[in-house]
Amino acid sequence: MKEYLLKFPEAWQFDVGSAIDDAVKAFSRNHREALTFIKRGIITAISGINDLLAFIPWWVFIIAVALIGWRVSGKKRVGLIYAAMLFFVGSSGLWDHMLETLSIVTASVILSVVLGFPLGIVIALNKRAGKIIRPILDLMQTMPTFVYLVPAVILFSTGKTPALMATTIYAIVPMIRLTSHGITHVDEEVVEAATAFGSTTIQALVKVQIPQALPTIMQGLNQTIMMAMSMVVTCSLIGANGLGMEILLATNRTEMGRALMPGICIVFVAIILDRLTQGLVDSQEAESK
Amino acid sequence: MNNDIIIRAEKVSKLYGKNKKEASELLKNGADKDTVYKKTGVTAALWDVSFEVKRGEIFAIIGLSGSGKSTIIRCFNLLNKPTSGKIYYEEKDIAQFNKQEILNYRRNKISMVFQNFGLMSHRTVLENIAYGLEVRNVPRAERVQRAKEMTAMVGLEGWEDKPISSLSGGMKQRVGLARALANDPEVLLMDEPFSALDPLVKRDMQFELLSIQSKLEKTVIFITHDINEAFKLGDTVAIMRDGKIIQIDTPENMSTHPADDYVRQFIDSADKTQVLSVKHVMVPPACLVKPKDMPSHAIREMANNDVSTAYVVNEKMQFLGIVSIDDAIRARDENLPLPTFINTDVLTCHEDTLISDVLSLAAKSRYPLAVLDNEKKLKGIISKAAVLASL
Ligand SMILES: Nc1ncnc2c1ncn2[C@@H]1O[C@H](COP(=O)(O)OP(=O)(O)O)[C@@H](O)[C@H]1O
Ligand SMILES: [Mg+2]
């Protein structure tokens, strides 16, 4: 039996992986200054958000979340539960870590919206752009999340900047997808009416399609927030401080209890973020019925 | 200027599919829609459609689902582009419009009412009605003013700030109508606007449309699959089948002279009393007498025609009344002049009255109704039996 029938011939294997490595490394070497500039910008933005969050006294923060929770759900009990959850975070000594996590999440959600919303509209309006971008989105979503970490680290070393980058790449997908889905699925007759009354493309988009698609777009925002939240935990692997980092440290030291507390806090924060934005979605839907 | 042509379709065809050339060849040789689809995969939504719409008329287009009604009406405001053929608006070929001209045309000349209303659920009633004004940048105060007038015209005062979701179907279509009228267009395109409404609401809306139209004198192109609606509203009715126009005519002509069996079938399903006037079913009076005729002459006439009443008219054929054979005999026996016995207590109707409107009269009357024209001349008579037979 010839050996090449049993084992994939070595001569036919080519090393795409290391070629990409080299390319990314070269890129990072050649654009050191630009990358440093971006990095500084991102760090400034994230710490700005962090400062802003930290500026709010903890009790004001808790009361505000409780009130919003009450408003959105219409139930006092729900507001109280949210308050209790946040109180738990504080009493576990993880308040500052939570704020760090939240600031990366916030920054990446803002970035996702700023980039993803217009991109979603472009895909919806331009079939050819859609054909190119959709498969890329599929790829982005199915790729194991760890894969994003490496190029992010090569470009920006460790810390918050690569964390933000990796988080955004992962979390931007639902924003793009649901924006485009929302826009393309607006009732055809309504769009036709806009056209028939002499709207320009922009007028139809701004006055009719986007407002009509808003519930779906909000759904996208909700998913983006949740995905950013989950990715930010993974990002502790590349040195993003916050709740994820606490879990990572505790795991390395095999301290079950110390890992559990931040874990619970992450779940609480995720629940609160999800419910609050979901409430936003529901109120949008109710409005456009 | 009142009777000129505002919109004209000239040999308009619309084919959907790849193999259009081959399909056109087949169609030119007289193939029908089904055959063309089977052989080439092309849907001939419209083929060689030509007609003219006069300014100020309601032009009704009727046909079964899939006959191409929506396709043609959407060509008029360029939501569809014909595969071949031309559409003229006031003798301008609308396919030649550039982008800005298209916008201006849609904003000022032609607007549309949709089957499922096409309303924007994120806007209030007033904001919906003002939409067309908003996109053409009418200042806010002015468009609110105008939209309020329109709201009142369709009878929705008090609902201005309500969300669309709070309206019933009929009210939604009133909003659709007001929105279309707010632009003060020349032409109103209505694609089955009342099909989604229940019968009673539909009747209200038809009435509303007629009364608005008589006030504003807009040109209306009205699509329906309901022959009664087409006949009730249309000044002219075009009947479509498989992308072609079969007949264009007034409702009366169409119901009295259907072009073919297909049209006849359609019309048979119609409630003809809503279309036909009494002149279509009246018969000439069998026996006419003049006041100065001798009673014996009247008796002989009645006997010869085998009837028991005679219709009395003067020299100008104006209707005076009837005499029965019994009265004529009495007149002869007592040697009195015929006019003494004329019974003037006979129900009459105008020749253009719709049959539906004389149903109850005919049922009440002991004698056939006398049908008169504008000068009270006797044109014919119409019996209860004839009215009922026309149903
Ligand atoms: N976008 C389209 N693509 C392919 N076929 C179409 C399209 N629009 C309409 N048709 C076909 O054209 C024909 C006429 O449709 P339409 O004008 O909507 O009919 P109607 O309004 O009389 O019900 C139908 O056979 C329909 O299937
Ligand atoms: Mg239709």
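**Figure 1. Polar contacts between ligand 1 and chain B.** An oxygen atom of ligand 1 sits 3.2 Å from a polar backbone atom of B:Ser67. This is a predicted model, so take the distances here as computed from it. With B:Ser70, it is the side chain that does the work of reaching over: one of its polar atoms lies 2.7 Å from an oxygen atom of ligand 1. B:Lys33 also points a polar side-chain atom at the ligand, 3.0 Å from an oxygen atom of ligand 1. On its own, ligand 1 has 560 Å² of accessible area, and the protein covers 61% of that.**Figure 2. The shell around ligand 1.** Which residues of chain B surround the ligand? Reading along the chain, they are B:Tyr16, B:Lys33, B:Thr43, B:Ala45, B:Leu64, B:Ser65, B:Gly66, B:Ser67, B:Gly68, B:Lys69, B:Ser70 and B:Thr71. By character, the shell splits into 7 polar, 3 nonpolar and 2 charged residues. Two elements of chain B, strand S2 (43-54) and helix H3 (69-76), each hand over at least two residues. H3(B) is the top contributor to the shell, with 3 residues.

**Figure 3. B:Arg55 and its partner B:Glu186.** Follow chain B past S2 and you land in the loop that leads to strand S3 (58-63), which is where B:Arg55 sits. Is this arginine, B:Arg55, buried or exposed? With a relative accessible area of 19%, B:Arg55 counts as buried, because the cut-off for buried is under 20%. The side chain of B:Arg55 makes a polar contact of 3.3 Å with the side chain of B:Glu186.

**Figure 4. B:Asp184 in its loop.** Here we're looking at the loop of chain B between helix H8 (169-182) and strand S7 (187-191), home to B:Asp184. The backbone is the thing to look at: B:Asp184 isn't a glycine, yet its phi is positive, at about 50°. B:Asp184 has a relative accessible area of 44%, so it is classed as partly exposed.

**Figure 5. B:Glu217, between H9 and S8.** B:Glu217 is found in the loop of chain B that links H9 to strand S8 (219-224). What is the phi of B:Glu217? It is positive, about 55°, although B:Glu217 is not a glycine. At 56% relative accessible area, B:Glu217 is exposed, because anything over 50% earns that label.

**Figure 6. B:Gln206 on helix H9.** Helix H9 of chain B covers residues 199-216, and B:Gln206 is part of it. B:Gln206 has a relative accessibility of 5%, so it goes down as buried. Look also for B:Lys232, which is 26 residues away from B:Gln206 along the chain. In space, 8.5 Å separate the C-alpha atoms of B:Gln206 and B:Lys232.

**Figure 7. Stepping back to chain B.** To place the close-ups, here's the whole chain, with its 16 helices and 16 strands. Chain B comes in two parts, domain 1 (5-271) and domain 2 (279-389). Taken over C-alpha atoms, the centres of these two domains are 47 Å apart. Along the principal axes, the C-alpha atoms of chain B fill a box of roughly 90 × 60 × 40 Å. The radius of gyration of chain B is 27 Å, whereas a compact globule of 391 residues would come in near 21 Å. As for burial, 50% of the 391 residues in chain B are buried.

Note on methods:
Residues numbered from 1 in each chain as written. Chains lettered and ligands numbered in written order. Predicted model: local features only at pLDDT ≥ 70, side-chain atom pairs only at ≥ 80, totals over all residues. Heavy atoms only, no water. Near = heavy atom within 4 Å. Polar contact = N/O pair within 3.5 Å; in protein donor to acceptor, adjacent residues only side chain to side chain. Areas by Shrake-Rupley, 256 points an atom, 1.4 Å probe, with all protein chains shown as cover. Helix = DSSP H or I, 4+ residues; strand = E, 2+ residues; numbered from the N terminus. Nonpolar A, V, L, I, M, F, W, Y, C, P; charged D, E, K, R; others polar. Domains from an automatic or database assignment. Rg over C-alpha atoms; globule rule 2.2 N^0.38 Å. Buried < 20%, exposed > 50% of the residue type's maximum accessible area, 1.4 Å probe, protein only.
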